[in-house]
Amino acid sequence: MKILVIHGPNLNLLGEREPAVYGKTTLGDINSGMEALAKELKVSLEFFQSNHEGEIVEKIGSARKTFDAIIMNPAAYTHTSVAIRDAVAACGLDTIEVHLSNIYGREEFRHKSLIAPVCKGQISGFGAESYMLALRACLTLGKK
Ligand code: DQA
């Protein structure tokens, strides 16, 4: 199984960015934690981070033939991007939406995800562990 992991805007700043909300774990720490778990679970991962909506749309669009599933934290685009939602729907790959923080416990504008309705599910609020849970969830896809 080959999984594409997409990190959206400002997640490159994790560790320094609002640590009270997002913790002190860096994106590099998250990626290496996922790599270690992926090895255990015998799946392969590719990581992609972008601060640009169009780049994320293109990456999703080209993922169809190469990957079996997507784990994505669309970050701020969660709440605004019809283009990323449409890309997920168009590519047809099972996608799991991830958030470090519990978006439903924060400002009202974060309560709505435009992406979640076209995903298999959403994991929100467990810090860096959200990504590990998403990786484990990927293995259950297609089993029902
Ligand atoms: C986030 C939540 C979003 O609302 C926010 O814009 C982010 C990070 C999270 O992981 O908790 O950038 O996706």
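Start just after helix α2 and select K42, which takes a positive phi of about 60 degrees. Keep in mind that this is a predicted model. K42 is not a glycine, so that positive phi is worth a click. You'll find K42 in the loop between α2 and β2. Turn on the surface: is K42 buried or exposed? It counts as exposed, because its relative accessibility is 72% and the cut-off for exposed is over 50%.

**Back along α2**

Now select residues 27-41, which make up helix α2. Put a distance between the C-alpha atoms at its two ends and you should read 21 Å. That agrees with the span expected for 15 residues at 1.5 Å a residue.

Next, colour L27, I30, N31, M34, L37 and A38, the buried residues of α2. They sit on the same side of the helix, because they cover an arc of only 130 degrees around the axis. An α-helix has 3.6 residues a turn, so residues three or four places apart point the same way. Swing round to the other side of α2 and pick out K39 and E40, which are exposed.

What do the buried residues of α2 pack against? Show β1 (2-7), β2 (44-49), β3 and α5 (129-140), and you have the set.

**Over to α5**

Since α5 is already on screen, stay with it. This helix has 12 residues and reaches 17 Å from its first C-alpha to its last, close to the 16 Å expected at 1.5 Å a residue. Select S130, Y131, M132, A134, L135 and C138 to see buried residues of α5. The packing partners of the buried residues here are β1, α2, β2, β3, β4 (94-99) and β5 (121-124).

Zoom in on C138, which belongs to helix α5. Its relative accessibility is 0%, so C138 counts as buried. Which residues does C138 contact, once its neighbours within four places in sequence are left aside? Select M1, I3, A69, I71 and I96. For a distance to try, go from C138 to I71: the two are 67 residues apart in sequence, yet their C-alpha atoms are 8.1 Å apart in space.

**N73, in strand β3**

Go to N73, which is placed in strand β3. N73 counts as buried because its relative accessibility is 2%, against a cut-off of under 20%. Show side chains and look towards α5: the side chain of N73 makes a polar contact with the side chain of Y131, at 3.1 Å. Beyond the residues up to four places away in sequence, N73 touches I6, H7, G8, L11, V98, H99, L100 and Y131.

**The ligand**

N73 is also one of the residues around the ligand, so to speak your doorway to the next stop. Select the rest of the ring: R17, Y22, A75, A76, H79, H99, L100, S101, I103, R106 and R110.

Three distances deserve a look:

- H79: a polar side-chain atom lies 2.7 Å from an oxygen atom of the ligand.
- L100: here a backbone N or O atom lies 2.8 Å from an oxygen atom of the ligand.
- R110: a polar side-chain atom lies 2.9 Å from an oxygen atom of the ligand.

How much of the ligand's accessible area does the protein cover? The answer is 99% of the 330 Å² that the ligand has on its own.

**The loop between β3 and α4**

Stay with A75 from the ligand's surroundings and step into the loop between β3 and α4. A75 has a positive phi of about 50 degrees although it is not a glycine. With a relative accessible area of 10%, A75 is buried.

Move along to T80, which lies in the loop between β3 and α4. T80 counts as exposed, because its relative accessibility is 54%. Try a distance from T80 to A20: they are 60 residues apart in sequence and 24 Å apart in space, C-alpha to C-alpha.

Last stop: S81, in the loop between β3 (69-73) and α4 (82-91). Buried or exposed? S81 counts as buried, because its relative accessibility is 0%. To see what surrounds it, select E53, L114 and I115, which S81 contacts when its neighbours within four places in sequence are left aside.

Notes. Residues numbered from 1 in each chain as written. Predicted model: local features only at pLDDT ≥ 70, side-chain atom pairs only at ≥ 80, totals over all residues. Heavy atoms only, no water. Helix = DSSP H or I, 4+ residues; strand = E, 2+ residues; numbered from the N terminus. Buried < 20%, exposed > 50% of the residue type's maximum accessible area, 1.4 Å probe, protein only. Contact = heavy atoms within 4.5 Å. Expected span 1.5 Å × (residues − 1). Arc of directions from axis to C-beta. Near = heavy atom within 4 Å. Polar contact = N/O pair within 3.5 Å; in protein donor to acceptor, adjacent residues only side chain to side chain. Areas by Shrake-Rupley, 256 points an atom, 1.4 Å probe, with all protein chains shown as cover.
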